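This briefing covers the fold, the surface and the side-chain contacts of one chain. Please read it alongside the sequence and the coordinates.

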Amino acid sequence: MSTLAKAKGFKKSRAGTYLSIGTTAFGALSVIKQARKARTDNDTLQLIDAVVSAAAIATGVAILLRELKRLGDDDVLLG
């Protein structure tokens, strides 16, 4: 199996999905910092950007959780 095929297989695995959720959640820290700075600077445009970014992160995590559930449904041991 080639390295590329292994990487694609990992991306669709439970571990890969958990890693993606963690990475996405880590990105939320940056958005929180951006929102706090925008509020202290009274920068409406930056605050809107932070809100849109937070919505994108929430959507991304929801999609990853759905994928995790699908992987669980396919697992014979999980029932």
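Six residues of α2 are buried, namely Gly16, Thr17, Ile21, Thr24, Val31 and Ala38. The model is a predicted one. In the chain there are three helices and zero strands, and the notes below centre on α2 and the loop that comes after it.

**Overall fold**
- Read from the N terminus, the order of elements is α-α-α.
- The chain has 79 residues, and 16% of them are buried.
- Of the contacts between residues at least 6 apart in sequence, 59% link residues at least 24 apart.
- About 6200 Å² of the chain is exposed, and 65% of that area comes from carbon and sulfur atoms.

**Helix α2**
- Helix α2 covers residues 14-40.
- The helix is 27 residues in length, and the distance from its first C-alpha to its last is 40 Å.
- At 1.5 Å a residue the expected value is 39 Å, and the span of α2 is close to this.
- Thr17 and Val31 are among the buried residues of α2, whereas Phe26, in the same helix, is exposed.

**Thr17 and its contact**
- Thr17 is part of helix α2.
- Its relative accessibility is 2%, so Thr17 counts as buried, the cut-off being under 20%.
- A polar atom of the Thr17 side chain lies 2.9 Å from the backbone oxygen of Ser13.

**Nonpolar surface patch**
- Phe26, Leu29 and Ile32 make up a nonpolar patch on the surface.
- Together these three residues have about 330 Å² of accessible area.
- Phe26 has a relative accessible area of 61%; because this is over 50%, Phe26 is classed as exposed.

**Salt bridge between Lys37 and Asp41**
- One salt bridge is found when the whole structure is searched.
- The salt bridge pairs the side chains of Lys37 and Asp41, with an N to O distance of 2.8 Å.
- What is the exposure class of each partner? Asp41 is partly exposed, because its relative accessible area of 45% falls between the 20% and 50% cut-offs. Lys37 is exposed, with a relative accessible area of 53%.

**Thr40 and the backbone of Lys37**
- Thr40 belongs to helix α2.
- The Thr40 side chain reaches the backbone oxygen of Lys37 at a distance of 2.9 Å.
- Lys37 therefore takes part in two ways: its side chain meets Asp41 in the salt bridge, and its backbone oxygen is reached by Thr40.
- Thr40 has a relative accessibility of 62% and so counts as exposed.

**Asn42 and the loop after α2**
- Asn42 sits in the loop between α2 and α3, where α3 covers residues 44-74.
- Which sign does phi of Asn42 have? Phi of Asn42 is positive, near 50°, and Asn42 is a residue other than glycine.
- Asn42 comes after α2 in the chain.
- At 68% relative accessibility, above the 50% cut-off, Asn42 counts as exposed.

Key: Residues are numbered from 1 along each chain as its sequence is written. This is a predicted model: local features need pLDDT of at least 70, side-chain atom pairs count only at pLDDT 80 or more; totals for chains, interfaces and linings use all residues. Side-chain values use heavy atoms; hydrogens and water are left out. Helices (H or I, at least four residues) and strands (E, at least two) are DSSP runs, numbered from the N terminus. Buried means under 20% relative accessible area, exposed over 50%, partly exposed in between (1.4 Å probe, protein chains only). Contact means heavy atoms within 4.5 Å. Accessible areas come from the Shrake-Rupley method with a 1.4 Å probe; for residues, only the protein chains shown count as cover. Patches are made of residues with over 30% relative accessible area and no salt bridge: like charges are joined within 9 Å, nonpolar side chains (Val, Leu, Ile, Met, Phe, Trp, Tyr) within 5 Å. A salt bridge is a side-chain nitrogen of Lys or Arg within 4 Å of a carboxyl oxygen of Asp or Glu. A polar contact is a pair of N or O atoms within 3.5 Å; within protein, one must be able to donate a hydrogen and the other to accept it, and residues adjacent in sequence count only if both atoms are side-chain atoms. The expected span of a helix is 1.5 Å times one less than its number of residues.
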